[in-house]
Every structure is written in C-alpha cells, then in structure tokens.
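Please look through the structure below, and then read the report on its largest pocket, on one pair of helices and on its aromatic rings.

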Amino acid sequence: TEAVEVSRGNGWKSFPEWLQGHLATTAPFPRKEVVPDVGDDSALRRGLVVPIGVNGEGGVVAAASERSDFPTPVDEVLLSTAANHAATAFQGARLIHERTRAEDELRKARDELEAKVAERTSQLEQLANEQAGLRRVATLVAQGAPAETLIAVVAEQVAEVLAVPLVSIVRYESDGTATERASFSPAGAMFRVGTRWSVEGTNVVAHVRDSGRPARIDDHSGLTGMIAELVRNAGIRSTVGIPIVVAGRLWGAMVVSTTEPDPLPADTEVRLADFTELAGTAIANTEAQDEVRRLADEQAALRRVATLVAREASQTDVFTAIAREIGQLLGTEEIRMVRYVDDSTAVVVAGSGDREGVFPDGTRLPLGGGDATSRVYRTGGPARIDEYGGASGVIAAPVRAIGIRSVVGVPILVEGGLWGAMITGTAREELMPRDTEARLGQFTELMATAIANTETRARAD
C-alpha cells in the first residue's frame, strides 16, 4: 500500500511526496520530529511528524505550514492528540478484526467438529446395525438352520442394514441359468423363489458368474437380456452383485438394488462381504449335512426295494414300494410309473401321491403331446418340464389342473429296450433339483431288474 493514505491541503504540495519517499526508504519515525523546509519555491515551510502508536507502528500524522513559528507547542499537542486518537482507533479496529476472525475460526472449528461427530455417530450406528445382523445370521449358522431359512434371513438383514428396496440371492445352475433362492423387499418379494433366470445379456449376475468377483451396474438403460429388462421394468437404477463361494466353488450371488437416482454407495461391496461369507458357510454346512442324510436315506430306500426284488415280490408290490420311497426321498407330491404299450398309448402300472384319483392304476394315456411321458417315449432319454403351464397334449391338461408346476421323467429300460417311464411332479414353486433324473435312475434300474425277473419266470412257466 502507499505510505501516504490521506492528504489534505495544498500549502506544501511536495511535502506528501517527500514524506512518502522517506517512509518507503527509511525506518519509521520513532518520535516526534520537525521537518525543515523541503519545498519547491522560496516560501518558508516547516513540517511536523508525530508517530502513531509505539515507535510509529501504526503510522504517522504529519502537518506542514507556512507559519514561521510552526509548530507551536499547541500545534504539537493537537497533532499528538490526533495521533493518540488514531492509535486508539487503529487498536480498536485491530481488536475487532481479531475478535471477528477468532469467532469465525471458532465457529468453523465447531461446525467441523459437529460434522465429524455426526459422521462418526452415523458410522457407529451403521456398524452396530451390521454387527447385529451378522450376529443373527451367525446364530442361525451355529444352530444348523436349513440353508433356505438362513439365506432368506440374510436377504432380509442386508436389506435392512443397507436400506435398499430389493435383495436377491441366486444360485448358478449347471445349464447356465440362475435360480432365485431368496428375495426380500420391504414392500413384498418382487421375484418368486424358485424362478429360473436366463443370465444372457448384460447384468451383474452374469458378470459375477464370469469373473468370480463383485460387479456393479449403475445405469441399465440400453442393456440387453431378460434380467436387464426386468430390472428396468422394476424401476431399478443401481445394482451390485457379490459372489457367494461354497467350499471353494462359486455357488451363486447376492444382488442388492436401489430405485434411488443416486447409485449405491462405493463401500457396498465391502459391507456385503461378511454376509456373503456367512451365507457361504451356512450353505456349505447345510449341503454337507443334507448330502450325508440324503445318501443314507437313499441307500436305505434302495436296500428295501432291492430286498423285495431279491425275494421275487410281484411287480405291483415292487412298483408301489418304489413309488412310495421316491415320494419320501424327493419330496414330490406325485409319482406315476407307466408302460408303453405301443406308439400311441402308455398304461399307468403304479403310482403314489395325494392325487391318486388322477391317472389311477390301469389308466391308458394317449401319447403325442408335449408332456414328459410322451417326450421320454420320443427320445428314449430323460425329460424335464420346469414350467408345466406351457405343456401341451391330453396328458398335460389334467396334470396342470391338479397344480403340478414341474415334472421330471426318466426311461425304464429292460434288457436294452424302452419298457416304460417313471414320472414325478411337484406343485412347489421351487424347481426340482438338477440331480433328480440321476436319483430316479437308480430306482428304474431296480424296476428293470424286477421286470426282467418277472418276465423270465413267466417264460419259464
């Protein structure tokens, strides 16, 4: 800034310039000082400089006059008084400025502290909610809860902890599809458990399956495939998928979605890791227990049927026993065994289930439709219909009428030829496991043995 800030009067025009130059090049005036004439004409002038504050730290008050007696004692007193007033004013202004600055800094520090406390409080509440959810899931794992129960609870806890409107848990199938195993939404489940999804196209389910790593999509516009279309129709904006690993293999994925305009938080993947790890542990435990129990039950059932075959029991007894054992093992509601009479007809030879009034023993079934019985006859191999609502033919209509949703059929081969078929169906929403055909095959082998034994005895007689 300039050395001279305020100047009044024109009696000594060069005095402000001299004063400014002096202050710019020389130390400030530490005390009062009389300035001799430094004018630019013959007129005599004298000046007086009085420092403001100690050693002139606040500046100076300077005056000049043509009077020969300037400065008189009165002049000095007046200028000193003016300098004192200026010093007092400057000091007051400085104090006010410093106080205002201190108040601003204090207010800023308080706001920052409050923001940090609020952020930390939110983090602690979030952590507490996550820990509570994890404890609930861990308790179920320790108690050996069934996998279906546990993953449903996991989906619910994740939806609550992350405050998202939709959480799905899907299992990858060997045929490249994915099955909905759990779905939770505060407004009610959006997707039916047991639904089989095609993962073709662009979606997080496919990304997780292909990479084995977390995946995120924050914009579904323009994406292709069944899942992408469902996501758009549901109003979902952002989706994150996390892999669920069971016994070292990729079992499925947990998918969280939001309909909010803002994408899911950047830490979503990290926050889901503990839940997916618990889900994987629980599924592994349950699958191991179920497999041991299933094998034991299956072997016991096979031994019972094999005993009947070894005793040369009648076909009717053997078939009825097999139907009963299959129903208990697979948990399917309906089992029918048919014999192919010719290219157009199959006859029911045995059955089990609550709806035995439909296709009782001896019923003749016309072949040629899209039902499982006709498909086994046409191909000579297993047949599966996961959505029976689309099956056609005379056999399919009454099956749909009793509420059967999915059906699996396997051939019965006797001495290398197609003798008949074993058909089982369920009304449950969840599709029958992929190993159903193989498990049925073990019983058809026993049936084939019983049939061959009976026919051998008949020929011998």
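## The largest pocket and two contacts

The largest pocket has a volume of about 1000 Å³, where a pocket is an open set of points on a 1 Å grid over the protein atoms alone, at which a 1.4 Å probe fits, with protein on both sides within 12 Å along at least five of seven lines, and lining residues have an atom within 4 Å of a point. Among the 31 lining residues, Arg171, Asp290, Arg294, Pro433 and Arg439 are the closest to the centre of this pocket. This is a predicted model, in which local features need pLDDT of at least 70, side-chain atom pairs count only at pLDDT 80 or more, and totals for chains, interfaces and linings use all residues. Residues are numbered from 1 along each chain as its sequence is written, and side-chain values use heavy atoms, with hydrogens and water left out.

The greatest share of the lining comes from α6, with eight residues. Helices (H or I, at least four residues) and strands (E, at least two) are DSSP runs, numbered from the N terminus.

| Residue group | Nonpolar | Polar | Charged |
|---|---|---|---|
| Lining of the largest pocket | ten residues | five residues | 16 residues |
| Contact of α6 with α7 | eight residues | no residues | five residues |

The axes of α6 and α7 come within 10 Å and cross at roughly 175 degrees, and therefore α6 is roughly antiparallel to α7 (an angle over 145 degrees).

The whole structure holds one aromatic pair (ring centres within 6.5 Å). Tyr340 and Tyr377 form this pair, with 4.8 Å centre to centre and 55 degrees between the planes, which is tilted (neither under 30 degrees, stacked, nor over 60, edge-to-face). Tyr340 lies in strand β10 and Tyr377 in helix α8, 37 residues apart.

Methods
Grid points are joined across faces, edges and corners, and a volume is the space filled by probe spheres set on the points. Ala, Val, Leu, Ile, Met, Phe, Trp, Tyr, Cys and Pro count as nonpolar, Asp, Glu, Lys and Arg as charged, and the others, Gly among them, as polar. Axes are lines fitted to C-alpha atoms, for helices over the stretch in contact, and angles run from 0 to 180 degrees between N-to-C directions. Angles under 35 degrees count as roughly parallel, over 145 as roughly antiparallel, 65 to 115 as roughly perpendicular and the rest as oblique. Rings of Phe, Tyr and Trp (its six-membered ring) pair if their centres lie within 6.5 Å; planes under 30 degrees apart count as stacked, over 60 as edge-to-face and the rest as tilted.
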